[in-house]
Amino acid sequence: MAGDSGVRCFQVILIFGNVVIGLAGLALTAECIFFVSDQERLYPLLNATGNDDLFAAAWIGIFTGFCFFLLSILGIVGIMQSNRRMLMAYLILMFVVYCFEVASAITAATQRDFFTTNLFLQQMLKYYQNNDPNQINDEVIKTNGVTDTWNSLMLLKKCCGVSSPLDWQTFNSSFRTYNMDSAYPWPRQCCAMNSLGTPLDVNGCRLGISGYLYLNGCYDFIAGPLNRHAWGICWFGFAILCWTFWVLLGTMFYWTRIEY
């Protein structure tokens, strides 16, 4: 069998397939690490909704990506040595990791329908500057996270509310409960700021005059990054799965041809 040129050619193909799996696994791990590092600081908003499955999918992606890399090395060695036991271990472990990656990709794919304006509007109105003294610890953590995230988001992205500043006037909110409309009908962070971090014109901001108040909503700055990461984790994961499927089929065929 070792001297058969056709077998050698098949071994080269399988080794190349595993090299691609290993490199793709490292790329998947890097992509998911970048996402869970939360560069946009959006995790508190998902945590407040009670559904942070996208981050769970990314953590699974980190695990599966690194496993793909390690198992590809095992597969290459097993193929080069034509070792049945090693290849059997490779196939079993790869199947387990494959199932985990399927779960990760499906979870990421289903999250797009979850990121609606109403979802982020509800948690913003409920938690932003909620000073209720009767909150339990979990609620306090969510309140602090949502408040800090929205303050940072509105200042950095120069936006206000989910759809517009009118969100703060149209709907009842914790912010309106503890703040008078005569002082600020919307958070101070919605005001256009000068280089010192103070509003350009307080009265102009209160009256909603363009140039002194950020009139655009923040939804695109929230859903945009989350959707991009969801699609990245999903479709790159599916691409790896499709490639791995054929490599596994070829490896199983090769395993059946190895003599005891």
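**Notebook: cysteines and one helix pair**

I began with C205, which counts as buried because its relative accessibility is 0%; buried is under 20% relative accessible area, exposed over 50% and partly exposed in between, with a 1.4 Å probe and protein chains only. I note that the model is predicted, that local features need pLDDT of at least 70 and side-chain atom pairs pLDDT 80 or more, and that totals for chains, interfaces and linings use all residues. Residues are numbered from 1 along each chain as its sequence is written, and side-chain values use heavy atoms, without hydrogens and water.

**Entry 1: C191 and C205**

I looked up the partner of C205 and found a disulfide to C191, with 1.9 Å from S to S; a disulfide here is a pair of cysteine sulfur atoms within 2.5 Å. The torsion about this S-S bond of C191 and C205 is about -80°, so I recorded the link as left-handed. C191 lies in the loop between helix 8 and helix 9, whereas C205 lies in helix 9; the two are 14 residues apart, and the pair links distant parts of the chain. Helices are DSSP runs of H or I with at least four residues, numbered from the N terminus. C191, like its partner, has a burial entry: its relative accessible area is 0%, and it is buried.

**Entry 2: the other disulfides**

I counted three disulfides in the structure.

C159 is joined to C218, with an S to S distance of 2.0 Å. I noted 105° about the S-S bond of C159 and C218, a right-handed link. C159 sits in the loop between helix 6 (137-157) and helix 7 (167-170), and C218 in the loop between helix 9 (202-207) and helix 10 (219-257), so this bond ties together parts that are 59 residues apart in sequence. I found both C159 and C218 buried.

C160 is joined to C190, and I read 2.0 Å from S to S. The link of C160 and C190 is right-handed, with 75° about the S-S bond. It connects distant parts of the chain, 30 residues apart: C160 in the loop between helix 6 and helix 7, and C190 in the loop between helix 8 (174-178) and helix 9. C160 is buried at 0% relative accessibility, and C190 is buried with a relative accessible area of 0%.

**Entry 3: pairing and cysteines without a bond**

I numbered the bonded cysteines of the protein chain in sequence order and obtained the pairing 1-6, 2-3, 4-5. C99 is in no disulfide; its nearest cysteine sulfur, that of C67, is 13 Å away. I recorded C99 as partly exposed because its relative accessible area is 38%.

Why does C234 form no bond with C242? The sulfur of C242 is the closest cysteine sulfur to that of C234, but at 11 Å it is too far for a bond. C234 is buried, at a relative accessible area of 0%.

**Entry 4: helix 4 against helix 10**

I then examined helix 4 (residues 84-109), whose axis comes within 9 Å of that of helix 10 and crosses it at roughly 155°. That crossing makes the two helices, helix 4 and helix 10, roughly antiparallel, a term for angles over 145 degrees. By residue class, I found 22 nonpolar, four polar and two charged residues in the contact of helix 4 with helix 10; Ala, Val, Leu, Ile, Met, Phe, Trp, Tyr, Cys and Pro count as nonpolar, Asp, Glu, Lys and Arg as charged, and the others, Gly among them, as polar.

Key:
Axes fitted to C-alpha atoms, helices over the stretch in contact; angles between N-to-C directions. Parallel < 35°, antiparallel > 145°, perpendicular 65-115°, else oblique.
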